[in-house]
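Here is a short tour of one protein chain, written for someone who likes to know the cut-offs behind each term. Please have a look at the sequence and the model before reading on.

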Amino acid sequence: MQLDHTFTVPAGPDDAWKLFHDLARVAPCMPGAVLDTLDGDSFTGRVKVKIGAVQMSYRGEGTVTRDETARSMHLDLSGSETRGAGTASATVTATLAEGPEGTRVRVRTDLDITGRPAQFGRGIMTEVGDRLVQQFADRLEDLLRAPAGSADPAPVMSPAEPEAVDLGAAALPVLLRKAAVPAAAMLFAVVLVRAVRRRSRG
């Protein structure tokens, strides 16, 4: 499944690219994620998601490579549920370019997921991705706007549990839209049957 997103951060490309080199500071901007270890270009971490009353926790690892000339960052990610058989793997490419209001970040994600989240399909996963990327962009903007030296870099080792990001709330509008057409068709059928019955009785 391929997902494409674009957002803008209020900083010049040089400053934004410098921040993207610091995974210890950028990783906490991703909702539901915690960075556990960082060793050069390799890292491990955890992600916790919530869909309704069901919570799922993933533990995984990844590597990052960068193209300094193109200001492009490529991540290879893989993980599995800590209490379940679900797996997730993704390749994420983020490319930075100068925009009219700062730096435009284009993100392409090739996602392969199994287990309970796989049932949602592309439409819902796209909606969820849109909202997660927007939250990430908002947090990144806050980080870039913070005065220099006002906050220490996030610790690499983090024993705290990640705060679950509620995917159910993000998926609900899409689920309702998908259900609207079948529901309308069913309602029309009920009305039609009743009308026919009334005419036959008359």
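The confidence score used here, pLDDT, is the predictor's confidence in each residue, on a scale from 0 to 100. This is a predicted model, in which local features need pLDDT of at least 70 and side-chain atom pairs count only at pLDDT 80 or more, while totals for chains, interfaces and linings use all residues. Residues are numbered from 1 along each chain as its sequence is written, and side-chain values use heavy atoms, with hydrogens and water left out.

**Confidence**

Averaged over the chain, pLDDT is 77, and 71% of the residues reach 70 or more. Residues 151-157 fall below 50, and beyond near neighbours in sequence this stretch has twelve contacts in the model (a contact means heavy atoms within 4.5 Å). Residues 178-186 also stay under 50, with two contacts beyond four places in sequence. Where pLDDT is low, the predicted coordinates should not be read in detail.

**The nonpolar core**

A nonpolar core is a set of buried Ala, Val, Leu, Ile, Met, Phe, Trp, Tyr and Cys residues joined through side-chain atoms within 4.5 Å. Buried means under 20% relative accessible area, exposed means over 50%, and partly exposed lies in between (1.4 Å probe, protein chains only). The largest core has 27 residues, of which F7, F20, V105 and L140 touch the most other members. Among the elements that give two or more residues to this core are strand 1 (2-9), helix 1 (13-20), strand 7 (102-113) and helix 3 (121-145). Helix 3 makes the largest contribution, with six residues. Helices (H or I, at least four residues) and strands (E, at least two) are DSSP runs, numbered from the N terminus. Beyond neighbours within four places in sequence, F20 is in contact with V26, R66, M73, L96, V105 and L140.

**Salt bridges**

A salt bridge is a side-chain nitrogen of Lys or Arg within 4 Å of a carboxyl oxygen of Asp or Glu. The whole structure holds five salt bridges, and the table lists some of them.

| Pair | N to O distance |
|---|---|
| R71 and D14 | 2.5 Å |
| R46 and D36 | 2.7 Å |
| D36 and R59 | 3.8 Å |

Where do R71 and D14 lie? R71 is in the loop between strand 4 (54-67) and strand 5, and D14 is in helix 1, so their salt bridge ties together parts that are 57 residues apart in sequence. R71 is partly exposed at 24% relative accessibility, whereas D14 is exposed at 55%. The backbone of R71 is worth a look too: its phi is near 50°, a positive value in a residue other than glycine. Most residues other than glycine have a negative phi.

D36 sits in strand 2 (residues 33-39) and counts as buried because its relative accessible area is 10%. Its partner R46 is also buried. The two side chains make a polar contact at 2.7 Å, a term for a pair of N or O atoms within 3.5 Å; within protein, one must be able to donate a hydrogen and the other to accept it, and residues adjacent in sequence count only if both atoms are side-chain atoms.

The salt bridge between D36 and R59 links strand 2 with strand 4, so it ties together parts that are 23 residues apart in sequence. R59 is partly exposed, at 47% relative accessibility. Through shared partners, salt bridges join D36, R46 and R59 into one network.
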